[in-house]
Each structure stands twice: as C-alpha cells, then as structure tokens.
Amino acid sequence: MPVTIGCVRVRGPRNCIPVNKFPAKAQRRKASFPLRLCAFARNFPKTLGLLVVFMCTFVSTQGKATTRVKISIPAAGQIKVEAEKLSPARSWSFRNAYAGALGIAERVEEFRAFGDSGQDALVKKSAAGEYQSELDATRISYTVQLANSRPTDIPHVSWLAEDRGLLMLADLVPVGVQSVSAEFELPAGWTVESSVTPDTNGRYEVGMPDKAVFLVGRSLRKASKSVSGMMLETVFNGTWRFKDEEAVDAATAVMEKYLALTGFKLPGKSVIMFVPTPVSLGTSIWKAETRGSTVVVLMDPAARVERWLGQVRVLLTHEMLHLWVPNALKLEGDYDWFFEGFTLYTALRTALDLKIIDFKGYLTTLAGVYDAYISHPDTRSLIDESERRWSSEGSQVYVKGMLVAFLYDLMVRKDSGGRTTLANYYRELFSGGVADGADGNEAIIRLLGSSPAGVEFTKSYIETNKEIRLEQLLPAYGLQLDASGKSSQLRVSSGLSEDQKQLLRSLGYRN
Ligand SMILES: [Zn+2]
C-alpha cells in the first residue's frame, strides 16, 4: 500500500510573488485569522495508496464596507462581475497565485472603473490582475475567463464548464474586499448552492469572501439533514456509481465520529459538494478541497474505479476532519504538522473504526508512509517544516507528522493500558482550554506534553528533528517493521506480552 504525499502552500499570495518562487517567510497579520484550505487527492489502484495535495493560504482583509456584487454568465466559460459600493479606491489587485494555481489573475479582462457620478474612469493595467484608475472609483466591472481550467488548478480556483461551475470569491473579487452581498444571474435552469443561505431576495451575505464557494449549474441535487444538531447539506451534480443516499450516509457517519472525537458541534451549515471534474485529472481520479465549511469533491465519473463508495468514504474521513481542524479552531501560526499530519493519522483511525479499512490496511498504510518518510532526509523539526513547507518539496509535515501521531498514540495507549488514546486530546483541544488567537504550536505542544513522557516526546519529534526509526521503536509495542522487501511491512510480533496484546487490541487488532 504505497503512499505518496506532496503538498504546496501559498501565503499572502499577492501578484508581486514570482510564479515559481515564494518568499522565505510569509507576512503574518494579527488582525485576521488565517484561512486554511486543504486539498486531498487520491489515486486508487486496488489498495489505499494516497496522493495528498495540500494547499494553505493566509488571507488578510481590509476595509469594512459591504460590497454589492452581481455575478452573471454572459457567455460560455465566462462570468461578468459588477461590484459597487466599494470603498473609494484607485487601485485593485486580484489574486494571481493560489496554491499550485499560478497566473490566475490573467483571467480577468475588460476591467472598468466608475467614479461616484458614474463617469467611466481611465484604467491602466500595470501587471496581471493589477489595475489603477485616474480617479477614486466606487464601482468596477470586469469579466473573468473560467473555461479551460488546468487540471493542476482543480479544485483550487473558480472554473466554468458547459453546464456547471465552481465560483470561489477568493479569486473573483479584488483582494481586500472583506464583506460581500452577492447575487447571481444564471442561465435558465441553473441554480446555485453554497454554505451561505440566501436571504428572501436571493442575495448571499458573505462575511468572509475568501471562504465562500458557490456551486452553480443545472440539475443540482441536494440533501439536507441534521446530524446530531449540526446542519449537513450534500449537493450532487452528475451521475455516479454510488447512490446519493449512500454518500450522505457516509458523510453522516464521519460527521458523527468527529463530533464524538472533538465534542464540538460545528456552527452553521457544512456543505459537501460532489461534482464531475471539468477536465481530465490525468492519473488522479479525484481531488478535493475543504474551504471554510465547504468540502468540494471533484471526481471523474468515467474513471475506472473499484469500490467507488469505499473511496468516497475514505476521502471524507480526511476532508471532513478539516471542518474542525483547523477550520473551527482560531489558532495562529504554522502548526501544519498537526492539522495535516495528525489529521492523516486520525482519519486513518476513523477509517478503521468505521470498518472502511481493516487492521491490516491500517498497518500497511503506515508502513507505506514510513517508506515515504525515510526516502527524504529528516533535517528540520516539524515546526520548521511547517514554516517552510510551501517553499520546498518536502512532505515531512505529512509523512513525519502522521508517523509522530502514530507514535504518540502508541505511547499514550501503552502508558494508560489502552484507556487513553490520541483521540482524547482532540476533545481537550475543543473543550475551551485553548484561547482564540493562541499560537497553534504552543497550544498543541502544551496539550500533547501534559505528561513528563509527553514533554520529552514533543521536544524530540516536534520541536527538534529527532529521526524516527520504526524498526527500533515498534517492538516495545508488539509491532515489527520488516524492511527487507521492496516496500516495508508492518506486522504484529509473535509472543506478545499481555500488555502488548491489550494495547494492540485497543488499536483494533483482533487475533
Ligand atoms: Zn488535509
């Protein structure tokens, strides 16, 4: 069960950032909480091999006025945006890079600006997505070309296909617009779905445009339900080899699991969108992204896939945890090792608990992650890796983060005779003990280091770069790593002690 993990991260994605080089240290603005996005894409042969693509962006906001925005579709693959009641300005900037999607501001065309009395201002374009007008303007209009999306950009940016599209305000309105009142003028038969509920006039009041995702198109099917008091909406487009109800059931089961894990009820509505990809994803079968309270799953309905439903269930175990971590946490800083690495591990545990995978699959996945880990040098602490991850090819935030979560889980289970697990710490994280705006690294390290062993553990594997050697660490827990073959194998040791049996049983081992 080989695991390939890669990620990219973009922060403060202004147009001045060269397309293939990001600054060494992103600017942090304390005034706003970061927006974190996660995309998770998988190739499934017959096993549970994972390809994870991640992106994060921190977006600052400025200005308080609500901008009224009308979005229409004047021609195939193109939208027109008319924005008014803007704060008076002479320059506007559109996001040009978003995770792996680069040059996206080039899609903005026919930019016009209007003065207070409606006069057409002279506008100059100084660079991709950068416009200046000769006078203060409070109204602007422009078109955005959304056809021909690059497969690598999916699902990170807005796109439009013949009968459907994803519209993300983050790349459709100028940077700095904080609050939007949006309306849509769509072709006959099209509808719009979003985590934002429209008012009686069909307007969408969006407090955080960078998090807003709108699915537009024909024949959108929707299922709404309450899951233990949380609103879950599932939107489908296209035809799939699983029933809508089966996907709803899968999402419901995962949502209940994560409510139990965190003890935290998500406020507002969470939406999961299943949408046919507008372009071939090449060797990938799907890609997904969790933005704010919206999970977008783009899949190729024609892909030759076994066990479609099983794959959807696994995908949801990862993406839906991001609705809580980090999206429902208001923590600052780069603690990506936790909200990605630990999420990978916790999603794997959840897949095992929900019987989506078995214990053998659990061990095989971890062995594959270990192979990925040792294939790259481990030269920095996880905290450093989290800060630099987007500027290097490293994937240690994922692979080492996941292995550290595994080892921490083993340690606390062993120390407690199987009564305490990593899962217990999620509940503590959401129980109000961590203040809004706290530093994520400090808060989570303090949480995990609540015992002397935990202090030593976090110092070694998170704050400094102690290498992980599973072949040396696992025998104490009744597990063995066999690295003699082409890929490593993780097996239960023979001659287990009673303590080891107890620990492994708590993990799901049943022999
Ligand atoms: Zn993720």
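A residue is called buried if 20 or more other C-beta atoms lie within 10 Å of its own, exposed if 12 or fewer do, and partly exposed in between, with C-beta atoms placed from the backbone. The model shown is predicted: local features need pLDDT of at least 70, side-chain atom pairs count only at pLDDT 80 or more, and totals for chains, interfaces and linings use all residues. Residues are numbered from 1 along each chain as its sequence is written. Helices (H or I, at least four residues) and strands (E, at least two) are DSSP runs, numbered from the N terminus.

**Figure 1. Helix 6, residues 396-415.** Of the 20 residues of helix 6, 18 are buried, so this helix is largely enclosed by the rest of the structure. The expected span of a helix is 1.5 Å times one less than its number of residues. For helix 6 this gives 28 Å, and the end C-alpha atoms are 27 Å apart, which agrees. Just after helix 6, Gly417 takes a positive phi of about 65 degrees.

**Figure 2. The crossing of helix 3 and helix 6.** The axes of helix 3 (residues 336-353) and helix 6 come within 7 Å and cross at roughly 60 degrees. Axes are lines fitted to C-alpha atoms, for helices over the stretch in contact, and angles run from 0 to 180 degrees between N-to-C directions. The crossing of these two helices is right-handed; a crossing has this hand if the near helix is turned clockwise from the far one by less than a right angle, and is left-handed if anticlockwise. Helix 3 contributes Asp336, Trp337, Glu340, Gly341, Phe342, Leu344, Tyr345 and Thr346 to the contact, and helix 6 contributes residues including Val397, Tyr398, Met402 and Phe406. Two residues are in contact if their C-beta atoms, placed from the backbone, lie within 7 Å. By class, the contact has 10 nonpolar, three polar and three charged residues. Here Ala, Val, Leu, Ile, Met, Phe, Trp, Tyr, Cys and Pro count as nonpolar, Asp, Glu, Lys and Arg as charged, and the others, Gly among them, as polar.

**Figure 3. Strand 13 and its partners, strand 5 and strand 9.** Strands of a sheet pair through backbone hydrogen bonds, either parallel or antiparallel. Two strands pair if DSSP finds at least two bridges between them. Strand 5 (residues 78-84) runs antiparallel to strand 13 and is joined to it by six bridges; Glu82 has Ser141 of strand 13 as its bridge partner. Strand 9 (residues 108-114) is also antiparallel to strand 13, with five bridges, and Val108 has Val144 as its bridge partner. Side chains alternate along strand 13 (residues 139-145): Ile140, Tyr142 and Val144 point to one face and are buried, while Arg139, Ser141, Thr143 and Gln145 point to the other and are not.

**Figure 4. An open sheet of three strands.** The strand order is 6-12-11, with antiparallel pairing. Strand 6 (89-93) and strand 11 (123-127) stand at the edges, each with a single partner strand, so one side of each is left without a neighbour in the sheet. On average, neighbouring strands of this sheet are turned by 25 degrees against each other, direction ignored. Strand 11 is joined to strand 12 (residues 130-137) by four bridges, and Val123 stands opposite Ser133 in strand 12.

**Figure 5. Backbone details at Pro155, Pro326, Lys85 and Arg307.** Most residues other than glycine have a negative phi, and most peptide bonds are trans. The peptide bond from Ile154 to Pro155 is cis, with omega near 0 degrees, and Pro155 lies in the loop between strand 13 and strand 14 (159-160). The bond from Val325 to Pro326 is likewise cis, with omega near 10 degrees; Pro326 is placed in the loop between helix 2 (308-319) and helix 3. Lys85 has a positive phi, near 60 degrees, and lies in the loop between strand 5 and strand 6. Lys85 counts as exposed because it has 12 C-beta neighbours inside 10 Å. Arg307 also has a positive phi, near 55 degrees, in the loop between strand 24 (294-299) and helix 2. With 14 other C-beta atoms within 10 Å, Arg307 is partly exposed.
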